[in-house]
Each structure stands twice: as C-alpha cells, then as structure tokens.
Amino acid sequence: MRNVILFLGIFLGCSLSKLGAGSVVTLADGLEENGRLSLNAKAVFVEGLSKREINLPDILEADFSDSDFHLEYFSSNDTPDKLPGDWKSQNIGKNDVPGSFSYSLGVFKLVGNIHEHIDYHDSSEYSFFIGCPWPGNGQWTLRVKDFNPLNARASAGIVLREGFNPVSGGRFQICVTGENGGFIEMRAPGGSSYSFGLPMDIPVWLRLTRNEANLAVSMSIDGRNWDIVSQNTTKFSTDVWVGLYIDSGQQPGGKNTVDEVTFTPGPSLSDILPAGVLLRDGSYLAGGFGGFDITGPDSVGAFNRNGKMISIAAAQIATVVIYPTGRGQILKLGPRPGLFLKNGDFLAGDIESIYWEDNVRINSLILGINSYDRNVTKCVVLNSLMPQPSAYEIRLTDGSIVRATGVTVDKSHVVILEASGLSVTVDANEIEQFRAGPSRVQALLELPWKAAQDKKQAPVECWEGNHQEQILAIPAGSALNFPLKGKFRALGMRVASLPGSSSNARAVIRILADGKEMGRTPSIHAGEQPRFVRFPIQDVKTLTLAVDSNFIGTRVLVIDPVAILEN
C-alpha cells in the first residue's frame, strides 16, 4: 500500500478534489478510514461505506492511492529452492556448448558456455545469463562465493542489459575475471564501450543500485560495510534485465558460485541523491542549479525544479549536488566549504562562483584561486548543514524531500512553504508522501538504532520503497533498539510479512519500553497486506521491537515507524 503521511496544516483556497481513493489513519487512536478522499481547507473528507470529515489536526497519515502495497523483493535466503516466475535463463551468442545453472539451498551455480572458434577481433558476446526484468529502480546485492575460470578472458558477476542481442544491446557489468581482480564495463547500444579495472579478491560482495539513469557500484569484503567504487549516468530502454552471468571469453569458461542474492526495490536510504541542492535546514530539492557568483550572503541563484524556476540564496544552501552522490558521502564531508571531486578528493576553500554551463571557481588556502570543470565535480559544499524542526515533511516523485511550515491548495496545485522561506509549487500528482515533520514525530530509522541478533541470521535490512516508504526487514529472533530523547505518547507503524515467506509462517512483534514488554502486534501472516498498528508509550529511553515467529527464516517488514511526540 502506498503510504502518504498527511500533516495538519494551513490549507487555503479551493478543495483539492482529484486525490482519488485511499485511506486515512487518525492520530489519536490509529483507526483507518477507507474510501474516496478529497481535501479542503480544514479537513479530509472520506466517502466510503460512511461519509466522514476528519479534521486535519486529527490526521497522522493519509494514503491517496487505491493500489495494494506491492513489494518487488527477492532474497535467496527467504526462497532458497524456488525462483520467482519472471526469472529466465538465456544463452547469448552462438555457442558450441550452451551454459547452464542450478539453484538450490539459496546458492546459484553457473556453468559457462563454450565457443570453440576463437576470434579476438570479434566483439560479439558469448555468455550465459540468469535473471529477471528490471524496468524500475532498486538495488541488487550478491556474493561471488567462488569462481573457477578455465581461461584468463572468462568473467562473471552482475549484469544490467537491454534485451539479449549479443552485438547491439547495451549492458552494464560488474565482473570478476579469470585474471587477478575484476572490472566494470559499460557497453552502449551499437557497440561503443569503456571499462576500468578493480582490485578484487574472492569471495567478494557486489552491489548495483539503480535510480532512474543513475547507476552506482559498491563492493564489500564482509557484506556489511560498503564502499561506492563507481557512479555512472546511463539511459536504458524499457526492455531491461538484471541478473547473474558468466562469460566464457570465446573459450571454455568454467564455473561460478553465487549466494546471498538480494533485490530490494527503490534506492537505498544510504545511497544515491540525484542532482539538486541540499538546503541548510535539511530539505533536499532535486533539479538543476543555474548557479551564481558568490559575492556575499545576499547572493541569489536560479534553481530549476521540473521546469519551474526558484530563486535560492547562497546562505540557504548547504551543498549543491552536481553528479549523483551517496547520501552518506555528503554527510561525511562535514561543515567545511569546498569541492568534492569524482576521484574522491576534497578541496577545502571558499567557493567564488558556480554555474551549470561553466566551471566551479574556488579559493583554496593551499592552491589559491582555481577553476574546476563541473564534469569532474560531484558536489559543492557552501555552508554547514543545520537541520531545523518542521511541522511537515513532503516527499515528491523526483526525489525531493521538503521540510515545510505550511501549504496552500489551489485547484490542482499545492504551494509548499519551505522551512527556510522558499515557495515550492507542485502539481498534485507530484506528491509522493505527506508526512508529519520532525516537530511532531520522530522517524525511528533516523535514529542510531542497533540490532541484537545471532550472527548466523540474515542481517536486518533497511531500504526505501517504491513510494519512498522507509522499510525494515527484520529476521525472527532479532530485536532492534531505538534510543529516544524527548517526550513521546505513541508508536505508529505498518507491519507485514516479507513476500516469499512460508505460507505457514506466523509472526508477532513485541514492543518493549526500557526492556519491559508493553504490547504485541496482532499475528502477522504471510501474504496479508500491511496493517497499521499504534501503541501508547510514555517516558521511554529505549524502545525495542523484537520479532518472534513459529517458522525459522521468517522476516517481518516494519514500514515507516514513527514515535509521536507529546502535544
């Protein structure tokens, strides 16, 4: 279910009537109303089995979508002996002996195909593929457990590809090779390509994250700590597939063993931010920054968000993101102004000018005044980030997250008053989520939470859903601890069983306050839609969510967990 948390606000003007079917969750008791929704200056009107007007101050969450919650998730740990129906295997190119695979106990074993007529000038592809369609955004993770190549030209790994044409189809590959190390290769439709090498030892964890045209590659030696090693911007057609492959290099290719394969939909919370500006108050606006000469605190630049121009003062901006950059990387840059380059270097200094069509000019204490091409720059830090509390948090379809003090509604448009004073106008269909802001709720996933679990269990996973929901996947037997500071009156969240769980699996989440159990969720059954649950809390320093199940391997989803502040 698409979750849109609606805030109480200052709504002026006409009703925004084209919101459609959906549901509203009330703040006081967590009850859910379903029906066709419309919005006016003071309330949301629900027309369902009964007609009811719910005052805005009484609303925690309003969902304007009538579609069921759908999670395109796969984990070889959860479905160790059966692949989803849309997976397929494919031999690519003319091979004398085709490749093959087996899947059992969560482990893929790929056998490379054989092409005996070697021609090193031949740019065609001779490989074997097993995977599924991937038209949307998301993240693929796997471990290359073992690779036994029979020649130095053989390779294996993850591939994102357009169809299965061995010559003309575009593809993006993260590879281990028959020689030492690995490489990343991008081949555009028609044959032009580039590649670069990577140091790599087996076993190795590989991760490919896709956010629209932005691709990021990460590596890990333990499956928990990740380094982003490449970021690319490439557009693919709609006929896109992703999966495992083994390429024989026109010779007997050998065998490849892969496990711990996971797909999570939507961009990871810790991964890529698109081009745009991160404001000092914590808002993020995706779009194109026109730039300016920074001559003082009153300098103002032009920002293009979805074709609509906004004037933003330099003093309001923390960071200008030029090239899609990891969220964590931006936060690690700290308060010093300067340039973060694509090669990983950070040049501290005062920024003098920045323009989309020109260079970035910086006055460095070490190197003096220099200009850097924007093509080599990831982001530009202007000021320190100083997040401010706000009544609302509004998430848009382009990846923007706007902290707001109020909105107005005028027919099909919503004007958002951003916390620093900007006015952002959006169409109704651009709004992904309306959330209560940090002055009213504490999003639990923004806290330094810790998981207590057996090392043999699958790790707790955290990601962002198709509609920007914040999602946790918690294995049975695990407990998550959230430190709380302040006075809170309730816990609210949606819960469900992870798709692919055994049909016989039953689970509950125990809610503990400072180690003392204060309640349990209703029994969570496989295949059911997420349900909203609410529990009162008071004077809690550590809130714990502990998952119990009758079935080993069960994992429970916790969606958009929040602690509701006292009035």
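In this predicted model, R510 pairs up with E517 in a salt bridge, with 3.7 Å between the closest N and O atoms. E517 also forms a salt bridge with R520, and here the closest N and O atoms are 2.7 Å apart. As for how open these spots are, E517 counts as partly exposed at 36% relative accessibility, and R520 counts as partly exposed too, at 47%.

Salt bridges turn up elsewhere as well: the count for the model comes to 17. One of them brings together the side chains of D259 and R143, at 2.6 Å from N to O. D259 sits in strand β20 (residues 254-265) and R143 in strand β11 (residues 138-149), so this pair ties together parts that are 116 residues apart in sequence. D259 has just 8% relative accessibility, and because buried means under 20%, D259 counts as buried. R143, at 16%, falls under that cut-off and is buried as well. Then there is a network of salt bridges, which links R305, K308, D398, D427 and E430.

Zooming out to the whole protein chain, strands make up a long list: there are 51 of them, alongside one helix. The chain has 567 residues, and 54% of these count as buried. Looking at contacts between residues at least 6 apart in sequence, 67% join residues at least 24 apart. As for the outside, the accessible surface of the chain comes to about 24,200 Å², and carbon and sulfur atoms account for 51% of it.

Note on methods: Residues are numbered from 1 along each chain as its sequence is written. This is a predicted model: local features need pLDDT of at least 70, side-chain atom pairs count only at pLDDT 80 or more; totals for chains, interfaces and linings use all residues. Side-chain values use heavy atoms; hydrogens and water are left out. Helices (H or I, at least four residues) and strands (E, at least two) are DSSP runs, numbered from the N terminus. Buried means under 20% relative accessible area, exposed over 50%, partly exposed in between (1.4 Å probe, protein chains only). Contact means heavy atoms within 4.5 Å. Accessible areas come from the Shrake-Rupley method with a 1.4 Å probe; for residues, only the protein chains shown count as cover. A salt bridge is a side-chain nitrogen of Lys or Arg within 4 Å of a carboxyl oxygen of Asp or Glu.
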